[in-house]
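Me: Please take a close look at one part of this model, the packing of a helix pair. I would then like to see it set beside the sheets and cores of the chain.

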Amino acid sequence: MSDPVDITILGAGPSGLAAAYYAGHRDASVRIIESLEQLGGQVAAVYPEKHVYDVAGYPKILAQDLVDQCAEQGLQYGADVHLGEEVQALERVNQNGEELLAVTTTRGGPYLSRAMIITAGHGAFEPRKLGVDGIDEWEGRGLHYFVREKDVFRDSRCVIVGGGDSALDWTLGLQDTAAHPIALVHRRDRFRALESSVNEAKELEEQGRVRIFTPCEVREVHGDGRIEAVTIEDTGSNEMERVDCDALITLLGFHSHLGAIAEWGLELEGKRQIRIDPMTCETNLRAVYAAGDVAGYPGKITLITIGMAEAAIAANNAVAQIRGENVQPKYSTD
């Protein structure tokens, strides 16, 4: 059994690292538990070479660079970091007259703390797959669910499927890497992505650098050993077109779940978020807080910037609860 720390943070993405910073800034001891084998959570694991635009102070910043900065800031107070450990059970135990939270993981524990902040992002996740017969056969042979390294797509003829921010971001982000035009396929005429990204993609289409297929769907994948082409159907006219393709990048979102955390008695907001009081970021379980994409309440906006703000709120409220004092921001400026 480990020595108790003030706060256990579940998740080492930007929100978790921000929580570690704010807790450390308040002279609280911190332990971070991350299920992945690296810092940065899903930001680093899924799109390290994607630009992030919504973090205050950075007009744009590569996701991996953001993670590196967050890690430098968040770990400066000596947090105890455990990577590659997926949490399992949570219990309350008494030690020397003090009630503590005890969490076990797939590799160790119980880890003891006086409070907990859950910053687990979307939880465990797997990509949504294209509804094409035999699609799984193309994994590793030209089918991609993430863009981790842009250079993998150097001079490749790319077909990107999706209508959200990731699909538009990579249509723009691969302009300096992939062969032109990059094909963007969406089943609806209207995109869900940021309007400025859609407008930029349309400008690139006028320049011959992008081809936008809407309302369209990929119906068939062709190739001998590797993907060589796809058939795209215009669902409005039912016309079919075969498009040469070296890399089929499907960015259709993820199926996600909270895993063992869902069995802890936490109230949920919808199916994938933990309900919190946005004033304190505390859950229905005493001394258990949540921040970032995993935290939910009516009107929640899931942005990295919002997660960082919630991390500060959660950390300061956790410290106040542990010490039996009023919540104080304790500014980091002079």
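**A helix pair and its surroundings**

Reply: Helix α4 passes helix α5 in a left-handed crossing, that is, the near helix is turned anticlockwise from the far one by less than a right angle, whereas a clockwise turn would make it right-handed. The model is predicted, with pLDDT of at least 70 needed for local features and 80 or more for side-chain atom pairs, while totals for chains, interfaces and linings use all residues. Residues are numbered from 1 along each chain as its sequence is written, and side-chain values use heavy atoms, without hydrogens and water.

The two helices, α4 (residues 165–173) and α5 (residues 195–206), pack at an angle of about 40°, and their axes lie 10 Å apart. That angle makes α4 oblique to α5; the label applies outside the ranges for roughly parallel (under 35 degrees), roughly antiparallel (over 145) and roughly perpendicular (65 to 115). Axes are lines fitted to C-alpha atoms, for helices over the stretch in contact, and angles run from 0 to 180 degrees between N-to-C directions. Helices (H or I, at least four residues) and strands (E, at least two) are DSSP runs, numbered from the N terminus. On the α4 side the interface consists of L168, D169 and L172, which meet S197, V198, E200, A201 and L204 of α5; contact means heavy atoms within 4.5 Å.

Beyond the helix pair, β14, β15 and β16 form, in that order, an open antiparallel sheet. Strands β14 (216–223) and β16 (240–244) stand at its edges with a single partner each, so one side of each has no neighbour in the sheet. On average, neighbouring strands here are turned by 25° against each other, direction ignored. The antiparallel pairing of β14 with β15 (residues 227–234) runs over 7 bridges, two being the least that DSSP must find for strands to count as paired. Within it, E217 has E233 of β15 as its bridge partner.

A second type of pairing appears between β1 (residues 5–10) and β2, which run parallel over 4 bridges; L10 is matched there with I33 of β2. Strand β2 (residues 30–34) is mostly covered, with 5 of its 5 residues buried, buried meaning under 20% relative accessible area, exposed over 50% and partly exposed in between (1.4 Å probe, protein chains only). V30, I32 and E34 point one way from β2 and R31 and I33 the other.

The largest nonpolar core has 55 residues, and I7, I118, I261 and W264 have the most contacts inside it. Helix α6 (residues 304–323) supplies the largest share, 7 residues. A separate core of 23 residues lies apart from it and includes L130, W138, F213 and I227. Each such core is a set of buried Ala, Val, Leu, Ile, Met, Phe, Trp, Tyr and Cys residues joined through side-chain atoms within 4.5 Å. Leaving aside residues up to four places away in sequence, W264 touches L10, V87, Q88, A89, L90, V103, M116, I118 and L285.

Finally, I61 belongs to strand β4 (residues 61–62) and is buried, with a relative accessible area of 7%. Under the same sequence exclusion, I61 touches K50, H51, V52 and L66.
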